[in-house]
Amino acid sequence: MRDFIYLDNAATTRPCEAATEAAKRAMTEEWGNPSSVYSAGGEARRALERDREIVRSAFGAGAKDGRVIFTASGTEANNTAILGTVTAKSRNRGGRVLTTDSEHPSVARAMERLEQLGYEVLCVPTAGGVIDEAALSELANERVIFASFMTANNETGALYDVAAAVRTVRAASPKAIVHTDAVQAFLKTDISPKKTGVDMICVSAHKVNAPKGTGALWVRESVIRSKDLAPYILGGGQEGGMRSGTENTAGIAAFAAAVAEGIALADVRREELESLRAYALDEISRRVPEVRVNRPARAIAGVISLTLPGIRSETALNFLNSRGIFVSAGSACSARSGKASSVLRAFGLTEREADCTVRVSLGHENRREDIDRFAAALADGVASLQRMKK
Ligand code: PLP
């Protein structure tokens, strides 16, 4: 992919050198089964526990009050957190569950499952990329058993005030368990349990320069002690009995290596990304003023959502692809379904606007030259596609 300009870092990121080396080491040296009792198993187990500590530290202040459970994806981490908690106790049955109208499908579909099981699931609006606190206050009552608010949105980049939402839920229902999908926010902003007050946080390796197929769920120790989380995948009792299945030690080793690098460089990367985003916004509005930027009130630096003037995202994507530039329409998931994104509709876009929206997502490997090439290609594309429509 070296000849291309990759501007789809919210979909996935290129595994870093440290991650590929760590995966190779796990496969060639520490390749035992971490559950085996002999020394090769012990070696793999020690490596696994070392990696768990690295990943746990990345959750930030207050992370020591909980543990990390490795999963096979961010999707599985979200499913485990939501279905494993809400269905853990029979007294929860029929209780109220709160979430937002902008969640990733791995949360939204799990919520639909809860509805089918008889729980009362209610969505808080997020127009403009902001959790509607007044609506949340009305929905939050003593019947709330669980709530899930994403930290950063994968389609718009909106950074939500999870801490405020958690306070509102807890004021109404002190024992409610609160979860956040922090897949897009991990290593980009403070997602710590201390700052947000949540009980569970989900992240995914392939968004932070590690390979696909590994996720992690941070869970507050008190939730595990009180048996408020039931394992979602049953079997040999790995991961402290909370997620069975022999651990993907190579994926986890790569994840931990990428996380260690990400922690060390977090401040520098954040600053560079902020500056690249500012440059991109200036360049896009200068070269293609007819393109509208969908700006959330607060955003993570990497994601820029652009609504094109009457040009369907699919057409724009094909045009940019022909120029060797990779961006996406909303998210990779909604692109596959071919439906206008419900997240963009929730943000406040019309169906037509949502259909004409592309997502540019920056990573720390992108440079200003990438933005220059993108903005020039977009300007060409918009001009020629508009000419064709006349
Ligand atoms: N949550 C959000 C916000 C995401 O953007 C994604 C991936 O795009 C996921 C969850 C799912 O993560 P994974 O691809 O590891 O299943």
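## Cavities, pocket and sheets: worked exercises

The largest cavity is lined by A26, E30, A44, A47, L48, D51, T249 and A253. The model is predicted: local features need pLDDT of at least 70 and side-chain atom pairs count only at pLDDT 80 or more, whereas totals for chains, interfaces and linings use all residues. Residues are numbered from 1 along each chain as its sequence is written, and side-chain values use heavy atoms, with hydrogens and water left out.

**Exercise 1. Describe the largest cavity by volume, contributing helices and residue class.**

Step 1. On a 1 Å grid over the protein atoms alone, a cavity is a set of points where a 1.4 Å probe fits but cannot get out; a pocket is an open set with protein on both sides within 12 Å along at least five of seven lines; lining residues have an atom within 4 Å of a point.

Step 2. The largest cavity has a volume of about 50 Å³, a volume being the space filled by probe spheres set on grid points that are joined across faces, edges and corners.

Step 3. Helices (H or I, at least four residues) and strands (E, at least two) are DSSP runs numbered from the N terminus. Both α2 (39-57) and α9 supply at least two lining residues, and α2 gives the most, with four.

Step 4. The lining comprises five nonpolar, one polar and two charged residues. Here Ala, Val, Leu, Ile, Met, Phe, Trp, Tyr, Cys and Pro count as nonpolar, Asp, Glu, Lys and Arg as charged, and the others, Gly among them, as polar.

**Exercise 2. Characterise the lining of the second largest cavity.**

Step 1. This cavity has a volume of about 40 Å³, and its lining includes L308, F319 and L385.

Step 2. α10 (313-322) and α14 (368-389) each supply at least two residues; α14 gives the most, with five.

Step 3. Nine lining residues are nonpolar, one is polar and none is charged.

**Exercise 3. Locate the centre of the largest pocket and state which element supplies the largest share of its lining.**

Step 1. The largest pocket holds about 870 Å³ of space.

Step 2. Of its 38 lining residues, N9, N209, G363, H364 and E365 lie nearest the centre.

Step 3. α9 supplies the largest share, six residues.

Step 4. By class, the lining has 16 nonpolar, twelve polar and ten charged residues.

**Exercise 4. Explain why β9 and β12 each have one side without a neighbour in the sheet.**

Step 1. The three strands form an open sheet in the order β9-β10-β12, with antiparallel pairing; two strands pair if DSSP finds at least two bridges between them.

Step 2. β9 (292-293) and β12 (357-361) are at the edges, and each has a single partner strand, so one side of each is left without a neighbour in the sheet.

Step 3. β9 pairs with β10 (residues 303-307) over two bridges, and R292 stands opposite T307.

Step 4. α9 packs on this sheet, touching β9 and β10, at about 15° to β10. Contact means heavy atoms within 4.5 Å; axes are lines fitted to C-alpha atoms, for helices over the stretch in contact, and angles run from 0 to 180 degrees between N-to-C directions.

**Exercise 5. Trace the sheet of seven strands and name its edges.**

Step 1. The order of this open sheet is β2-β8-β7-β6-β5-β3-β4, with mixed pairing.

Step 2. Its edge strands, β2 (66-71) and β4 (120-124), each pair on one side only.

Step 3. From one strand to the next, the twist averages 20°.

Step 4. β2 pairs antiparallel with β8 (residues 215-220) over six bridges; G66 has R220 as its bridge partner.
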